[in-house]
Amino acid sequence: VRNLSDFKYHPAHQLYTFVKSMGPQNVQYTLMDTDFKLVDSFTTVDGILPDAHDFQITKNKTFLLAGASDSIMDLSAYLFGTVPGSPNTHATGFVVQEFDEDHNLLFQWNSNDHIHPTAGYAFFGYSANAFDYCHGNAIEEDTDGNLLLSFRHLNAVYKIARQSGAVLWQLGG
């Protein structure tokens, strides 16, 4: 095992969680009971790369996993600082996947579908080969069931509608 991170206790479900990373494409989001016995593990699906930043259990005992997606975008009409965008920019999107206890995918949200890369701060740097314009750090279920997402490179928190994926509001940025 290369890295264990994001260890936390979820008292409502009497479970511990942590993220086990054995490499960039081999990440397990792991559950343990109160005796520290492994109960289950999850990983991202459908071509979404796992992202070790966050793993949450919701009030309805579904599981929110952080992921990343590479999309080719034409950003040639934009400047990033003094660097012109490329028509073939590999934009790294932050993805949230939600699963039920049977590992069925219930919901997926991708920043590349909802937040334009020009929202990122220039001082984080532009590269046509790997533009991590948002860099998601945290996922939290709000009291109304919608999601709060924190983005390092956007310097912002976004509230996302759980049903439609629409951006409800943003703080900062």
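Helices here are DSSP runs (H or I) of at least four residues, strands are DSSP runs (E) of at least two, and both are numbered from the N terminus. With that in hand, welcome to the close-up views of this predicted model.

**View 1. The whole chain holds one helix and 14 strands.** Before zooming in, take in the overall dimensions. Along the principal axes, the C-alpha atoms fill a box of roughly 55 × 35 × 25 Å. The radius of gyration is 17 Å, which agrees with the value near 16 Å for a compact globule of 173 residues. Buried residues account for 46% of those 173. The chain exposes about 8,700 Å², and carbon and sulfur atoms supply 51% of that area. Of the contacts between residues at least 6 apart in sequence, 42% join residues at least 24 apart.

**View 2. Ala128 sits in the loop between helix H1 (111–114) and strand E11 (136–141).** Which residues does Ala128 touch, leaving aside those up to four places away in sequence? They are Ser86, Asn88, Thr89 and His90. Leu75 is another residue to find in this view: 53 residues separate Ala128 from Leu75 in sequence, while their C-alpha atoms are 8.9 Å apart in space. Ala128 has 22% relative accessibility, so this residue counts as partly exposed; the buried class is kept for values under 20%.

**View 3. Lys61 has a positive phi value.** Phi of Lys61 is near 60 degrees, in a residue other than glycine. You will find Lys61 in the loop that runs between strand E5 (49–57) and strand E6 (63–73). Lys61 counts as partly exposed because its relative accessibility is 27%.

**View 4. Asn155 also has a positive phi value.** Here phi is near 50 degrees, and Asn155 too is a residue other than glycine. Its loop lies between strand E12 (147–151) and strand E13 (156–160). At 38% relative accessibility, Asn155 is therefore classed as partly exposed.

**View 5. The largest pocket has about 310 Å³ of space.** The lining is made of 19 residues, and Pro24, Pro50, Asp51, Ala52 and Ala68 are the ones nearest the centre of the pocket. Which strand gives the most to this lining? It is E5, with five residues. E5, E6 and strand E9 (89–99) each supply at least two residues. Sorted by class, the lining has eight nonpolar, nine polar and two charged residues.

**View 6. The second largest pocket has about 170 Å³ of space.** One stretch to look for in its lining is His10, Pro11, Ala12 and His13. Gln56, Ile57, Thr58, Leu64, Glu140 and Glu141 line this pocket as well. E5 and E11 each bring at least two residues to the lining. Four of the lining residues are nonpolar, four are polar and two are charged.

**View 7. The largest cavity is lined by residues that include Phe80 and Phe131.** Rolling a probe the size of a water molecule over the atoms shows where empty space is left. How many cavities of 30 Å³ or more are counted? The count is one. The largest cavity has a volume of about 30 Å³. Alongside Phe80 and Phe131, look for Gly120, Tyr121, Ala122, Gly125 and Tyr126 in its lining. This lining has five nonpolar and two polar residues, with no charged ones.

Technical notes: Residues numbered from 1 in each chain as written. Predicted model: local features only at pLDDT ≥ 70, side-chain atom pairs only at ≥ 80, totals over all residues. Heavy atoms only, no water. 1 Å grid on protein atoms, 1.4 Å probe; cavity = no way out; pocket = protein on both sides within 12 Å on 5 of 7 lines; lining within 4 Å. Points joined across faces, edges and corners; volume = space filled by probe spheres on them. Nonpolar A, V, L, I, M, F, W, Y, C, P; charged D, E, K, R; others polar. Buried < 20%, exposed > 50% of the residue type's maximum accessible area, 1.4 Å probe, protein only. Contact = heavy atoms within 4.5 Å. Rg over C-alpha atoms; globule rule 2.2 N^0.38 Å. Areas by Shrake-Rupley, 256 points an atom, 1.4 Å probe, with all protein chains shown as cover.
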